[in-house]
Structure formats: C-alpha cells, structure tokens
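I am opening a notebook on this structure and will set down, entry by entry, what I looked up in it. The order follows my own curiosity rather than the chain.

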Amino acid sequence: MKLIINAEDLGISLGVNKGIFEGLKQGFITSASLFMNGQYTDEAIKFIKENNIKNVGVHLNLTYGKPILGEKVEKLTEPDGNFRYMCSMPFYAKYEDVVLELDAQIQKFYQASITPSHLDFHHYFYSSNEVYTAYLELAKKYSLPVRSMTEKTKSMAQVNGIKTTDYFIEDFHGGYDISAEQLAQIANRYKNFSGTCELMTTPGYVDQFLATQTNYLAREEELIALKNAFESGVWNDVELISFLDL
C-alpha cells in the first residue's frame, strides 16, 4: 500500500497549525490541506513559504466561516454572512455560486505564490451533485489531484482524467479508536493493498480559539497517535507518500 496521511483544517487556529507543521516536518504527516478563509490562514501561508513546504493542498470549503467572495455569493450564506449549515448543502448550493467561490479559494492559494498539491474538501461535497461537479471541473482546470471518498466519486474523477487515490480510509478520525494501536490495525489490514490510500486526519493542539470554532476537540489525541505510530514503526511495511506522488 502507498499511503497518504492527510491532515486537514490547517489555518483554523494557531494550535492546529503548530501540530500539523510538526507532523509534516517530522514525517508522521505526509500531506495537509489549508482553509483559505481561516482566521490563521495567513500565518500558515507564511510558514509554508519560509519552510518551502510543497505537500499542502486547498481545503475547499462551503460550510465554515465566511466566503472569500462575500456578498457576491450571498445565496451560499446565512444573513450574518457565514456559510449555511452543511446538512442543507444539497438544497441551496447552486453550481454558478459554488464554482465562483471555490475558484476564488484556489486562486487565493496561487496568489500567495505557492502551488497546491491537491484539492480536498471540508465536510461532504459529494452530497450535492452541483458542488461535486464544480469540484471536479476545477480540479481539471488546474490539473490537480483530488480526494475521493467513495467508489462513485473515484470513478467520476478517473473518467475526467483527474488523479485520485484508490481508496479512502475513514476509520481513524472522529468517533473511532484514536490510538497508535488503531493505526497499527489499519496498517495490517491494508498492507497488501496494491493501490494508493488516503487516511484522513484532523490533528493539532487545542487552543482557546479552536474551542470556539468546532465541536471536534480530539485533535491532540490524533496528533499523539500519529506520532507514536510513526515512531514505533507501524508504517514500516507501508510506503508513505503525498498527493504529489500520484
């Protein structure tokens, strides 16, 4: 198996930034994805540029914070200007607004004089055909690999000539057994898999600001588990890669 250990939500807080960058530098995280509308996106971009980090992609987002384009895509937002709740996405998200906002998020990444390694997404884009269509069209436009969470979305990417992984591993993040032992079980389960996999993670240090932004606070547990697994040799029979290697 070739495995991408991808850490998302970079830019949401200083603590998350610190944890993910530690993982990238030490090797127990092989890829990350950056919110373009986060409170601490600019700090993350500065670190990426100063350390010449290449394996960071765009964490495309239609459900957290405010859109890059503001009132130009007001159909995507609540009256307070924040994105609408994710569960209503299939009902309100229209292609014309989605493609404008997502393109603006990608453009902001390039405008910082850095090149994304891939595109992935916050929450579940594939719940909306209009959102996923825009996602794949933009991946093709910028010739970037993408995350695929299901067999259907993998096939959609491949039909469009877009690079993606063969399998998505979701049995670590959020509500599962967050431990090095669980990662060891994952490594053993997939070690003979001949393709490429993405392991989704959301590690980081929980700071005061993060606690105001999300209900998911098991991020330090993820960070510790990822580090312990790496240092104990859990991935010795696995080839660790990033989206740049697809």
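**Entry 1: backbone angles**

I began with S143, which I found in the loop between α5 and α6. I note at once that I am working on a predicted model. The phi of S143 is positive, about 55 degrees, although this residue is not a glycine. Most residues other than glycine have a negative phi, which is why I wrote this angle down. Is S143 buried or exposed? S143 counts as exposed, because its relative accessibility is 65% and the cut-off for that class is over 50%.

I then turned to D9, another residue other than glycine with a positive phi, in this case near 80 degrees. D9 belongs to strand β1, which covers residues 2-10, and with a relative accessible area of 3% it is buried. So I have an exposed serine in a loop and a buried residue in a strand, each with a positive phi.

**Entry 2: helix α6**

Which residues of helix α6 are buried? In this helix, residues 151-159, I found T153, K154 and A157 to be the buried ones. They lie on the same side of α6, because the arc they cover around the axis is only 105 degrees. An α-helix has 3.6 residues a turn, so residues three or four places apart point the same way. On the other side of α6 I noted K152 and V159, both exposed. When I asked what covers the buried residues of α6, I found that α5 (129-142) is included in the cover. Just after α6 comes G161, for which I recorded a positive phi of about 75 degrees.

Within helix α6 I looked at T153 on its own. At 4% relative accessibility T153 counts as buried, since the class requires a value under 20%. Its side chain is joined to that of T150 by a polar contact of 3.0 Å. Setting aside neighbours within four places in sequence, I listed Y126, Y132 and S148 as the contacts of T153.

**Entry 3: N37 and its surroundings**

N37 sits in the loop between β2 (31-34) and α2 (41-50), and I wanted to know how far its side chain is engaged. With 16% relative accessibility, N37 counts as buried. What does the side chain of N37 reach with its polar atoms? I found a polar contact with the side chain of N61 at 3.1 Å, and a polar atom of the N37 side chain also lies 2.8 Å from the backbone oxygen of Y64. Beyond its neighbours within four places in sequence, N37 is in contact with N61, Y64, G65, K66, I68 and F83, so N61 and Y64 appear both in this contact list and in the polar pairs.

**Entry 4: three more loop positions**

S127 is placed in the loop between β4 (119-121) and α5, and at 37% relative accessibility I class it as partly exposed. Its side chain reaches the backbone oxygen of Y124 at 2.8 Å, and, not counting residues up to four places away in sequence, S127 touches M89 and P90. I also checked S127 against L60, 67 residues apart along the chain, and found their C-alpha atoms separated by 15 Å.

For N51, in the loop between α2 and β3 (56-60), I noted a relative accessibility of 35%, so this residue counts as partly exposed. The C-alpha atoms of N51 and R147, which are 96 residues apart along the chain, are separated by 25 Å.

V238 lies in the loop between α8 (219-231) and β7 (239-241) and is buried, with a relative accessible area of 9%. Leaving aside neighbours within four places in sequence, I found V238 in contact with M1 and L3. From V238 to F193 I have 45 residues in sequence and 9.7 Å from C-alpha to C-alpha.

**Entry 5: the largest pocket**

I closed with the empty space, and took the largest pocket, which has a volume of about 640 Å³. Which residues of its lining lie nearest the centre? Of the 26 lining residues, they are M86, H122, H123, T214 and Y216. By class, the lining divides into twelve nonpolar, eight polar and six charged residues.

How values were computed: Residues numbered from 1 in each chain as written. Predicted model: local features only at pLDDT ≥ 70, side-chain atom pairs only at ≥ 80, totals over all residues. Heavy atoms only, no water. 1 Å grid on protein atoms, 1.4 Å probe; cavity = no way out; pocket = protein on both sides within 12 Å on 5 of 7 lines; lining within 4 Å. Points joined across faces, edges and corners; volume = space filled by probe spheres on them. Nonpolar A, V, L, I, M, F, W, Y, C, P; charged D, E, K, R; others polar. Helix = DSSP H or I, 4+ residues; strand = E, 2+ residues; numbered from the N terminus. Buried < 20%, exposed > 50% of the residue type's maximum accessible area, 1.4 Å probe, protein only. Polar contact = N/O pair within 3.5 Å; in protein donor to acceptor, adjacent residues only side chain to side chain. Contact = heavy atoms within 4.5 Å. Arc of directions from axis to C-beta.
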